[in-house]
Amino acid sequence: MLVVGIEHSSGTYNGRYYDNYKLHCLCESSASDKVKGQLTEVVKVPKVMFEQLSVNVGDEIQPSYDKFGRLIRVD
């Protein structure tokens, strides 16, 4: 997925603090008559994980998730 934007998001929700980076990415093209245009996806990365990455706009990433849908790695 191609990163086209990076957004920092922090605050509290239901009394719990959060600090994340949202990577706005272009999805892979799908050859389907049900899809028109370019699809996008937002990958939410915790700040601690983001600081260990060197991701910039224009980079290709491949996120990996555990069986519960939680982000475990970004390649």
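**Exercise 1.** By class, how many nonpolar, polar and charged residues does the lining of the largest pocket have?

*Solution.* The model is a predicted one, and the pocket to be examined has a volume of about 170 Å³. Begin by listing the residues that line the largest pocket, which are Arg-16, Tyr-17, Tyr-18, Asn-20 and Lys-44. Next, assign each to its class: Tyr counts as nonpolar, Lys and Arg count as charged, and Asn falls among the others, which count as polar. The lining therefore has two nonpolar, one polar and two charged residues. As for where these residues come from, E2 supplies the largest share of the lining, four residues.

**Exercise 2.** Determine whether Asn-20, a residue of strand E2, is buried or exposed, and name its contacts beyond its neighbours within four places in sequence.

*Solution.* The relative accessible area of Asn-20 is 14%, and since buried means under 20%, Asn-20 is buried. Once the neighbours within four places are set aside, the contacts of Asn-20 are Glu-7, His-8 and Ser-9, together with Lys-44, Val-45, Pro-46 and Lys-47. Of these, Lys-44 also lines the largest pocket, as does Asn-20 itself.

**Exercise 3.** Classify the one aromatic pair that the structure holds, and locate its two members in the chain.

*Solution.* The ring centres of Tyr-21 and Phe-50 lie 4.0 Å apart, with the planes at 15°; because planes under 30 degrees apart count as stacked, the pair is stacked. Tyr-21 belongs to strand E2 (residues 16–26) and Phe-50 to helix H1 (residues 47–52), so that the pair, 29 residues apart, links distant parts of the chain. Both Tyr-21 and Phe-50 are buried.

How values were computed:
Residues numbered from 1 in each chain as written. Predicted model: local features only at pLDDT ≥ 70, side-chain atom pairs only at ≥ 80, totals over all residues. Heavy atoms only, no water. Phe/Tyr/Trp six-rings, centres within 6.5 Å; stacked < 30°, edge-to-face > 60°. Buried < 20%, exposed > 50% of the residue type's maximum accessible area, 1.4 Å probe, protein only. 1 Å grid on protein atoms, 1.4 Å probe; cavity = no way out; pocket = protein on both sides within 12 Å on 5 of 7 lines; lining within 4 Å. Points joined across faces, edges and corners; volume = space filled by probe spheres on them. Contact = heavy atoms within 4.5 Å.
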